[in-house]
Amino acid sequence: MADEENEQSPFSRPSFIIAAIVVAALVVAGVVVGINVATKDDGGDAQPAPSTTTSAAPSTEPTADAGGASVCGLDGEKLSGTVTAAPAAEWQYQGTTAYPSSSTFGPADSEPSGARTCFQHSPEGALFMAANAIVQGSDPATATAWAKYALGDGQYRDQLSSQLGEGTGAQGRMTIEGFRVLNYDGDTARIDLAVGTSSGAQSVKVSGVYELVWQDGDWKISADVAEPLNIAAIPDTSGYTPWGE
């Protein structure tokens, strides 16, 4: 039975890595399909642990110019800190999904493809980047173009880039419901988003943890790790700061 479930489950299929660094929040018969979904070969709990430390501590203290000045001139740089209260945001829609926007935190620019870019070098900027990432990455119309900009440099870049365009687009509805800033040191950030997804009568809440890096004057998806986005089903949003449209 276990082998049959693994054969049918999207959690075990690399073909469901969508645009390599893109989440597709799809609920079909109560199963959530996503990118690099958090599963463990040892049968452990797939839910991301509420860690507040990075997997590898930086060898040096973060510096203001480590990843360059803001690509669009956003000020307000912070090299340490966290976010414990919901930041003010103007919520706009991409399709049926709301995403946050702010003249302070970003996005403050866009690519010719329409991909929203340029987020403040701060914990809030990293949070806004992650929230925009989960929306832009879930839309088949923008996912690939956005991913080409958003994927940073790193040892896994070629591997992740080779997977761009794999899988299918998201269906159903998705709503950002909350967040946790698990780690922030100015050079990197780990942002956990609580997302509600639904399709028909089925609904489920998921956690999407993004590994971000400050490069070329903007927050990028880290290519220094093989799985820059981990997704797991969660029972509720306890422990998250409520945030959404």
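E177 is partly exposed, with a relative accessible area of 26%. The model is predicted, and in it E177 forms a salt bridge with K205. The closest N and O atoms of this pair are 2.8 Å apart. E177 lies in strand β7 (residues 173-184) and K205 in strand β9 (residues 202-215). The bridge therefore ties together parts that are 28 residues apart in sequence. K205 is partly exposed as well, at a relative accessible area of 29%.

The structure holds 5 salt bridges in total. Side chains of opposite charge can pair when their charged atoms come close. Another of the bridges joins the side chains of R180 and D192, at 2.6 Å from N to O. R180 belongs to strand β7 and D192 to strand β8 (residues 188-199), and the two residues are 12 apart in the chain. R180 has a relative accessible area of 17%. Buried means under 20%, so R180 counts as buried. D192 is buried too, with a relative accessible area of 0%.

A further salt bridge is formed by R190 and E211, whose closest N and O atoms are 2.8 Å apart. Here the link runs from strand β8, which holds R190, to strand β9, which holds E211. The separation along the chain is 21 residues. R190 is buried, at a relative accessible area of 9%. E211 also counts as buried, at 18% relative accessibility.

The surroundings of D192 can be described further. D192 lies in strand β8. Residues up to four places away in sequence aside, D192 touches G178, F179, R180, L182, S207, G208, V209 and Y240. The contact list thus includes R180, the salt-bridge partner of D192. F179 is 13 residues from D192 in sequence. In space, the C-alpha atoms of D192 and F179 are 5.5 Å apart.

F179 also takes part in an aromatic cluster. Ring pairs link W91, F105, F128, F179 and W243 into this cluster. The count of aromatic pairs comes to 6. One of them is formed by F105 and F128. This pair is tilted, with 40 degrees between the planes and 5.3 Å from centre to centre. F105 sits in the loop between β4 (97-101) and β5 (109-110), whereas F128 sits in helix α2 (residues 123-136). The pair links distant parts of the chain, 23 residues apart. Both F105 and F128 are buried.

Two charged side chains lie over aromatic faces. R116 lies over the face of Y99, at 3.5 Å from the ring centre. K220 lies over the face of Y149, at 4.7 Å from the ring centre.

Helix α2, which carries F128, also takes part in a helix packing. Two packed helices are described by the angle between their axes and the distance between the axes. For α2 and helix α3 (residues 143-150), the angle is about 145 degrees. The axes of α2 and α3 are 9 Å apart. On the α2 side, the contact is made by M129, A133 and Q136. On the α3 side, A143, W146 and A150 contribute. The residues of this contact divide into 5 nonpolar and 1 polar, with no charged residue.

How values were computed. Residues numbered from 1 in each chain as written. Predicted model: local features only at pLDDT ≥ 70, side-chain atom pairs only at ≥ 80, totals over all residues. Heavy atoms only, no water. Phe/Tyr/Trp six-rings, centres within 6.5 Å; stacked < 30°, edge-to-face > 60°. Helix = DSSP H or I, 4+ residues; strand = E, 2+ residues; numbered from the N terminus. Buried < 20%, exposed > 50% of the residue type's maximum accessible area, 1.4 Å probe, protein only. Lys NZ or Arg CZ within 6 Å of the ring centre and 35° of its normal. Axes fitted to C-alpha atoms, helices over the stretch in contact; angles between N-to-C directions. Contact = heavy atoms within 4.5 Å. Nonpolar A, V, L, I, M, F, W, Y, C, P; charged D, E, K, R; others polar. Salt bridge = Lys/Arg side-chain N within 4 Å of Asp/Glu carboxyl O.
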